[in-house]
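Take a slow look at the chain below before reading on. We'll start with one residue and its partner, then work outwards.

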Amino acid sequence: MSLFSITPSDIYMVMGFLLSLYTCVSNDVIQTLGTFLSSNQNRPFWILWIFSGTVLVLTFVLGWYFNNGDMAFGRLDRIPYAGVFHWWHVLPPVVIILLTKKGVPVSTTFLILSVFSSNTVIGLMLAKSFLGYIVAFICAFLIYFIISRPIEKFFLYTRDRTPSKRWIAAKWGATAFLWSQWLMQDAANLFVYLPRKLDLSQMLLSMLAFVLLLGIVCYQRGGEIQNILKLKTNTGDIRSATIIDCVYAFILMYFQHANNVPMSTTWVFVGLLAGREVAMYNRIRFETQKKVYKHVAKDFLKTLIGLIVSIATVMLINHFNQIRTLFMQLF
């Protein structure tokens with residue numbers, strides 16, 4: 001494509017991809033790298049960047065190779081490529097950036113993918129995401145109800161100790177496992193603006209952009225969304241963080257193989273933290289009941305607000321012409 005053959009549609013496509021990539025990195029990535037960044041506060045950011053960037057590149061390059069250029073791991077099979085892009089296709093990631101600055105865990109899946117999806121696919125995404133919250137909550141509650149007293153209580157009393165090399169290795173391994181599972185699950189959000197099959201140069205350019213933005217997140221240690229994680233019990237302990245990552249990774253793996261309908265990993269993440277907090281309160285009483293349930297309700301409300309804003313934005317975009325006509329008739 002020469003410089004003189006670039007159309008406004010091409011510009012909107014590139015802008016949409018870069019902005020959606022930035023929103024996923026600044027908003028969703030922290031779900032998987034949050035505990036990793038929290039438990040490695042004393043390490044230089046570039047070490048964390050190299051590690052997470054290596055896992056990212058390996059995951060997507062292998063996926064691109066084995067899926068014949070499909071970077072989305074089949075998550076976009078139900079969502080056709082737009083072909084022609086307009087200014088309103090760039091609006092969803094802009095809204096996500098604004099909400100992320102306020103610390104609202106908005107779902108990039110709903111806001112970005114819904115603009116390109118049919119009502120049937122949107123309904124399937126909503127159903128799968130709500131199911132993800134419930135499954136994550138129940139799994140986390142059951143697991144932590146069992147391990148809170150013998151394991152998490154011990155972690156709380158010994159959190160000032162220097163972790164052993166085994167726990168450090170386990171944490172980095174768990175992060176790599178979770179990070180790769182999240183990338184495969186959320187790949188649809190990242191590549192919905194691009195053709196469904198990418199050639200080598202397109203793949204390399206998209207990877208370069210992703211790695212550079214990932215470096216910013218590692219340098220900032222997570223940003224505003226990271227505060228949701230920091231308020232949870234003992235998430236800065238590398239041992240507790242390792243268990244969180246493993247539970248989250250296996251839940252994502254289950255939904256990864258369930259079907260190819262995209263889902264909001266934000267809802268899974270919030271559900272997991274909620275189930276963990278409730279179970280740990282009931283077993284070791286580390287906080288007051290009011291404080292625990294206040295945090296759980298606040299996180300759920302923030303996520304719900306993000307969903308409502310997402311749906312409202314999508315309706316505004318999809319029915320823009322009808323709304324504009326109605327507005328002109330009234331005024």
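Asp-245 is buried, because its relative accessible area is 1% and the cut-off for buried is under 20%. This is a predicted model, so keep in mind that everything here is read from a prediction. What does Asp-245 form a salt bridge with? The partner is Lys-171, and the closest N and O atoms of the two are 2.3 Å apart. The pair links distant parts of the chain: Asp-245 sits in helix H10 (residues 238–258) and Lys-171 in helix H7 (residues 165–191), 74 residues apart. Lys-171 is buried too, with a relative accessible area of 0%.

**The salt bridges**

How many salt bridges does the structure hold? There are three, and here they are side by side.

| Salt bridge | Closest N and O atoms |
|---|---|
| Asp-245 with Lys-171 | 2.3 Å |
| Glu-277 with Arg-276 | 3.4 Å |
| Arg-276 with Glu-152 | 3.7 Å |

Look at the last row again: Arg-276 and Glu-152 make a salt bridge. Those two residues connect distant parts of the chain, with Arg-276 in helix H11, Glu-152 in helix H6 (residues 119–157), and their positions 124 residues apart. Glu-277 also pairs with Arg-276. Through these shared partners, Glu-152, Arg-276 and Glu-277 are joined into one network.

Are the members of this network buried or exposed? Arg-276 is buried, at 0% relative accessible area. Glu-152 counts as buried as well, with 0% relative accessibility, and Glu-277 gets the label at 2%.

**Helix H11**

Arg-276 brings us to helix H11, so let's check its length. H11 covers residues 265–284, which makes 20 residues. At 1.5 Å a residue, and counting one less than the number of residues, the helix should span 28 Å. Its end C-alpha atoms are 28 Å apart, which agrees with that expectation.

How much of H11 is covered? Mostly all of what you can count along it: 18 of its 20 residues are buried. Just past the end of the helix, Arg-285 takes a positive phi of about 50°.

**The chain as a whole**

Now zoom out. The protein chain has 13 helices and zero strands, so if you walk along the sequence, you meet α every time in the pattern α-α-α-α-α-α-α-α-α-α-α-α-α. The chain has 331 residues, and 53% of them are buried.

Contacts tell you about the fold in another way. Take the contacts between residues at least 6 apart in sequence: 86% of them join residues at least 24 apart. As for the outside, the accessible surface comes to about 15,500 Å², and carbon and sulfur atoms own 68% of it.

**A patch on the surface**

Which residues form a nonpolar patch on the surface? They are Leu-58, Leu-62, Tyr-65 and Phe-66, with about 490 Å² of accessible area together. Tyr-65 has its place in helix H3 (residues 45–66). Tyr-65 counts as exposed, because its relative accessible area is 57% and the cut-off for exposed is over 50%.

**The loop after H3**

Carry on from H3 and you reach the loop between H3 and helix H4 (91–101), where Asn-68 is found. Phi of Asn-68 is near 55°, a positive value in a residue other than glycine. Asn-68 is exposed, with a relative accessible area of 61%.

Phe-73 has its place in the loop between H3 and H4 as well. Phe-73 also has a positive phi, about 55°, although it is not a glycine. Is Phe-73 buried or exposed? With 16% relative accessibility, Phe-73 counts as buried.

**Ser-9 and its neighbours**

One last stop, back at the start of the numbering. Ser-9 lies in helix H1 (residues 8–28) and counts as buried, at 14% relative accessibility. What does Ser-9 touch, leaving out residues up to four places away in sequence? Its contacts are Gly-83, Val-84 and Phe-85. With Phe-85 you can name the atoms: the backbone nitrogen of Phe-85 lies 2.9 Å from a polar atom of the Ser-9 side chain.

Technical notes. Residues numbered from 1 in each chain as written. Predicted model: local features only at pLDDT ≥ 70, side-chain atom pairs only at ≥ 80, totals over all residues. Heavy atoms only, no water. Helix = DSSP H or I, 4+ residues; strand = E, 2+ residues; numbered from the N terminus. Buried < 20%, exposed > 50% of the residue type's maximum accessible area, 1.4 Å probe, protein only. Contact = heavy atoms within 4.5 Å. Areas by Shrake-Rupley, 256 points an atom, 1.4 Å probe, with all protein chains shown as cover. Patch = residues over 30% accessible without salt bridge, like charges linked within 9 Å, V, L, I, M, F, W, Y side chains within 5 Å. Salt bridge = Lys/Arg side-chain N within 4 Å of Asp/Glu carboxyl O. Polar contact = N/O pair within 3.5 Å; in protein donor to acceptor, adjacent residues only side chain to side chain.
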